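Let's take a walk through this fold together. Have a look at the sequence and the model first, then read on.

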Amino acid sequence: MKITIVYDNCLSKPRLRTGWGFSSLIEVDGAPPLLFDTGADGTALLYNMKELGIDPGRIGIIVISHAHGDHTGGLASVLEVNEDAEIYVPASFWGTIPGRKVVTVTSLLQISEQVFSTGELKRIEQSLALKTDKGILALVGCSHPGVGNIIDAASRFGNVYGIVGGFHGFHDLDRLTGLSLICPCHCTQYKSEIMQLFPRQCVRCGAGLVLEL
Ligand SMILES: [Zn+2]
Ligand SMILES: [Zn+2]
């Protein structure tokens, strides 16, 4: 499994664009790619995809974590160049996407062979639990329901060994003890504190980062 950070506040590869928001692509051999969130700006998102060699027309599934613009802003631009991706939104999502197959997620759900949704937590946001050889990797948008609650929900699919995405104002840093991969992205307010506390486990996030799992 390969995760590529397509859109983030920070940069990991030269020439890419940054912006407040988050988007990542999950690729598994033999399955069409899955896009998790779409950043704030569609032009920047598609630009980064082009630079990273990602064909947005080939994306088979789009999952939106929650209805905030820094995660949904690029959706319309992707849909302009992608005619048949299945779309998974949390129940609190306000928009309509006419003519598209949209799955509204409330509770735990299997999306593809190795990809599960935690369901919408705290009536605001869903996260993904990715099944890898090492265990479960939690992929999160903004973590509005709280990182601890998300880890607890993802644990229902197996032992959580890592977490990637925006942690927002999360500061109960003990909850990260025992994880072997911590990649704080996007809105994480205590990023430098987390990096200092878990230097061996942390990976610096940014647009263009590729994680091979
Ligand atoms: Zn956000
Ligand atoms: Zn948000």
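What follows starts with a sheet and ends at a metal site.

Keep in mind that this is a predicted model. A good place to begin is the open sheet, where 7 strands line up in the order 6-5-4-3-2-1-13 with mixed pairing. At the edges you'll find strand 6 (102–105) and strand 13 (210–212); each has a single partner strand, so one side of each has no neighbour in the sheet. On average, neighbouring strands are turned by 20° against each other, direction ignored.

For a look at one pairing, go to strand 4 (residues 61–63) and strand 5 (residues 86–90): they run parallel and are joined by 3 bridges. I61, for instance, has E86 in strand 5 as its bridge partner. Packed on the sheet is helix 1 (residues 42–51), which touches strand 1 (2–7), strand 2 (23–27) and strand 3 (34–36). The direction of helix 1 makes about 135° with that of strand 1.

Now for the metal. D70 (OD), H71 (NE2), C142 (SG) and H186 (NE2) coordinate the zinc ion (ligand 1) at 2.1 to 2.2 Å. Why call the arrangement irregular? The 4 donor atoms subtend angles of 87 to 145°, and a tetrahedral label would need all angles between 85 and 135 degrees. Along the sequence, the donor residues follow the spacing D-H-x70-C-x43-H.

Two of these donors tie distant parts of the chain together: H71 sits in helix 2 (residues 69–72), while H186, 115 residues apart from it, lies in the loop between strand 12 (181–185) and helix 5 (191–197). H71 counts as buried because its relative accessibility is 0%, and H186, at 4%, counts as buried too. Finally, the zinc ion (ligand 1) has company: the zinc ion (ligand 2) is 3.7 Å apart from it.

How values were computed: Residues numbered from 1 in each chain as written. Chains lettered and ligands numbered in written order. Predicted model: local features only at pLDDT ≥ 70, side-chain atom pairs only at ≥ 80, totals over all residues. Heavy atoms only, no water. Pairing = 2+ DSSP bridges. Helix = DSSP H or I, 4+ residues; strand = E, 2+ residues; numbered from the N terminus. Axes fitted to C-alpha atoms, helices over the stretch in contact; angles between N-to-C directions. Contact = heavy atoms within 4.5 Å. Donors = N, O, S within 2.8 Å, 3.2 Å for Na, K, Ca; no water. Tetrahedral: all angles 85-135°; square planar, octahedral: opposite > 155°, others 65-115°. Buried < 20%, exposed > 50% of the residue type's maximum accessible area, 1.4 Å probe, protein only.
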